[in-house]
Amino acid sequence: MARAVSLAVVCAVLSSLHVGEALHVAGGARNKAFANPNNKLGQRSSSSPSWSQTDAVAIPLDSQTWQKTEPKSKIDETDNKIQLDDHLKWIENLDYDAFRKEVADLGKELQKDSGAADVKHLERIVQWRDMAAILGVATMWSGPNPLTVMALSTWTYASWTMIAHHTCHGGYNRVDAGPFNSRGFALGSIQKRVSDWCDWMLPEAWNVEHNRLHHYHLSEPLDPDNVERNLEFLRDMNVPMPAKYAVVAALAPIWKWFYYAPNTFKELQLAQMRAEKKEMPADIDPMQPFTLRTMIFPQDDAERAISNLMKESNFFGKVLAPFMLSRFVLLPAPLLLLPGVGTTAFGHAIVNLVLAELLTNLHGFLTIVTNHCGNDMYTFDDEVKPKSGAFYVRQIISSANYKAGTDEIDFAHGWLNYQIEHHVWPDLSMLQYQRGAPRLKAICETYGVPYVQESVWMRLFKTVDIMVGRTSMIPFPTEMEPAKDKATRGVMWKSTNGAIDEGCEETPNEEFCIVS
């Protein structure tokens with residue numbers, strides 16, 4: 001009952017969107033596996049003599065001694081076999097190689113099927129986004145009203161979750177989609193950022209944090225968006241449970257600029273330092289979430305160290321200012337020229353824009369944060385090679401889909417209702433996710449691999465229960481995975497802009513190199 005009451009304000013607002021069915025949120029939690037600040041998490045690509053927005057940033061994992069949080073299996077002393085709990089029995093007979101082949105073959109088929117239909121489909125989604133933008137901007141001068149707020153919110157939401165998201169991953173690099181190509185989209189200048197995709201996050205920073213770290217370390221120690229770890233401060237807080245739910249409800253409408261923008265910028269700055277082989281300050285904990293609170297009001301040596309490294313003026317000027325000024329100042333400013341009513345119209349526009357910002361954060365919280373969190377999702381204590389059998393299994397059992405199947409339903413969910421398919425094949429188009437989802441689900445059923453798909457509202461409750469410490473995620477017995485799938489030293493990325501097929505010399509036509 002307390003849970004439902006505490007989330008009422010979130011659900012009531014979101015329900016107005018008719019949403020059919022990465023919270024990457026603040027916290028002071030630290031990953032104890034990274035307690036040594038001298039750990040070398042990155043090195044420079046030999047092909048990149050200096051840093052720029054398109055230069056390579058190498059992000060190897062390096063050998064670590066990962067801390068296992070709790071036992072996941074037992075050893076039978078009589079036959080020395082691992083005894084799995086009932087909910088893990090499906091692992092015992094899983095043929096990783098056969099599963100990998102079927103999943104990889106399906107992905108290649110979907111890639112080959114990309115063509116004019118994908119471009120036409122993208123154009124349709126862009127048109128829907130543009131219609132929302134036109135409606136919102138054309139009516140924002142009027143008194144605050146749900147239609148204007150929802151239209152403006154949808155404009156921001158669709159620009160990120162559908163258009164920028166899949167473009168930055170290279171989902172349209174194989175087809176002629178005009179500007180919707182990861183090699184340059186929203187990169188290189190403020191003008192490009194404002195015209196292609198302007199949001200609180202710096203696109204270059206988001207490409208590093210999301211495309212590389214989150215996607216290829218999902219629910220692993222290096223995943224910067226691990227909700228359970230990032231909310232450790234709240235999970236361990238000695239306060240009544242309703243108070244914890246209230247904290248989550250308060251963070252949901254502000255999480256993008258309060259947590260996501262600064263944390264993605266932190267990852268970009270750290271990646272740049274590693275690429276340039278600069279020494280990390282002694283007190284920095286690389287895995288500590290970095291929030292606006294951390295920057296302005298650091299509370300310990302580690303927070304002060306990372307805050308000093310980020311520099312407030314650099315963050316506010318480079319990351320937040322372009323969106324803040326273009327959306328909340330320059331966009332409504334012409335209304336001031338209206339004779340007699342300019343000031344009133346401008347004031348109405350500001351209120352509508354602020355309400356839309358709160359709403360789009362809530363919408364994103366509902367459909368983004370809940371993708372990889374819940375007591376039926378798994379966590380891992382080491383890393384595996386991309387595109388290996390173990391990699392595909394991890395992406396599937398640590399992701400959740402929602403109701404899906406039509407453009408209308410998928411648009412309402414920001415195409416985040418295909419999160420399983422997106423993590424298995426990050427560089428496909430939206431249309432190919434629609435086509436591939438039923439077939440991947442069938443493969444999982446054949447091999448007994450859990451494939452979670454349920455209402456986004458159910459995922460919300462499961463996610464928030466993790467955040468407040470009511471439930472926990474499932475530690476996966478990584479010792480059961482094939483040894484050949486392990487990334488013993490890490491993965492070396494050649495690029496940070498989400499482009500596909502940009503490989504190292506050792507692995508042609510791949511976007512990564514295995515560091516052996």
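# A tour of the predicted chain

The protein chain exposes about 20300 Å², and carbon and sulfur atoms supply 56% of that area. What is on screen is a predicted model. Colour by secondary structure to begin: the protein chain has 20 helices and eight strands. Of its 516 residues, 59% are buried.

**Stop 1: the core.** Select Trp90, Phe99, Trp197, Ile396, Leu440 and Val449. These residues have the most contacts inside the largest nonpolar core, a set of 124 residues. Keep tryptophan 197 selected and show what surrounds it. Beyond its neighbours within four places in sequence, tryptophan 197 is in contact with Ser159, Trp160, Ala164, Cys168, Phe185, Ala186, Lys192, Pro203 and Trp206.

**Stop 2: alanine 186.** One of those contacts of tryptophan 197 is Ala186, which sits in the loop between α5 and α6. Check its backbone: phi is near 65 degrees, a positive value in a residue other than glycine. Is alanine 186 buried or exposed? Its relative accessibility is 1%, under the 20% cut-off, so alanine 186 counts as buried.

**Stop 3: helix α14.** Select residues 312-330, which form α14. Measure between the C-alpha atoms at the two ends of this 19-residue helix: they are only 23 Å apart, whereas a straight helix would reach 27 Å at 1.5 Å a residue. Where does α14 bend? Centre on leucine 320, where the bend is about 55 degrees; proline 322 follows within four residues.

Now pick out the buried residues of α14, namely Phe315, Val319, Leu320, Ala321, Pro322, Phe323, Arg327 and Phe328. Leucine 320 and proline 322 are both in that list. To see what covers these buried residues, turn on helices including α5 (146-168), α6 (190-196), α11 (255-275), α12 (292-296), α13 (301-310) and α15 (342-368).

**Stop 4: helix α7.** Next take α7, residues 203-216. From its first C-alpha to its last, α7 reaches 18 Å, close to the 20 Å expected for its 14 residues at 1.5 Å a residue. How many residues of α7 are buried? The count is 14 of 14.

**Stop 5: serine 219.** Continue into the loop between α7 and α8 (227-230), where serine 219 is found. Serine 219 has a positive phi of about 60 degrees although it is not a glycine. With 4% relative accessibility, serine 219 counts as buried.

**Stop 6: proline 426.** Move to the loop between α18 (419-424) and α19 (430-447) and select proline 426. Proline 426 is buried, with a relative accessible area of 10%. Leaving out residues up to four places away in sequence, proline 426 touches His169, His215, Tyr216 and Tyr433. Then draw a distance from the C-alpha of proline 426 to that of cysteine 168: the separation is 10.0 Å, although the two residues are 258 apart along the chain. Cysteine 168 appeared earlier among the contacts of tryptophan 197.

**Stop 7: cysteines.** Finish by selecting cysteine 198 and cysteine 444. Cysteine 198 counts as buried at 11% relative accessibility, and cysteine 444 counts as buried at 0%. How many disulfides does the structure hold? The number is zero.

Note on methods: Residues are numbered from 1 along each chain as its sequence is written. This is a predicted model: local features need pLDDT of at least 70, side-chain atom pairs count only at pLDDT 80 or more; totals for chains, interfaces and linings use all residues. Side-chain values use heavy atoms; hydrogens and water are left out. Buried means under 20% relative accessible area, exposed over 50%, partly exposed in between (1.4 Å probe, protein chains only). Accessible areas come from the Shrake-Rupley method with a 1.4 Å probe; for residues, only the protein chains shown count as cover. A nonpolar core is a set of buried Ala, Val, Leu, Ile, Met, Phe, Trp, Tyr and Cys residues joined through side-chain atoms within 4.5 Å. Contact means heavy atoms within 4.5 Å. The expected span of a helix is 1.5 Å times one less than its number of residues. The bend at a residue is the angle between axes fitted to the seven residues ending there and the seven starting there. A disulfide is a pair of cysteine sulfur atoms within 2.5 Å.
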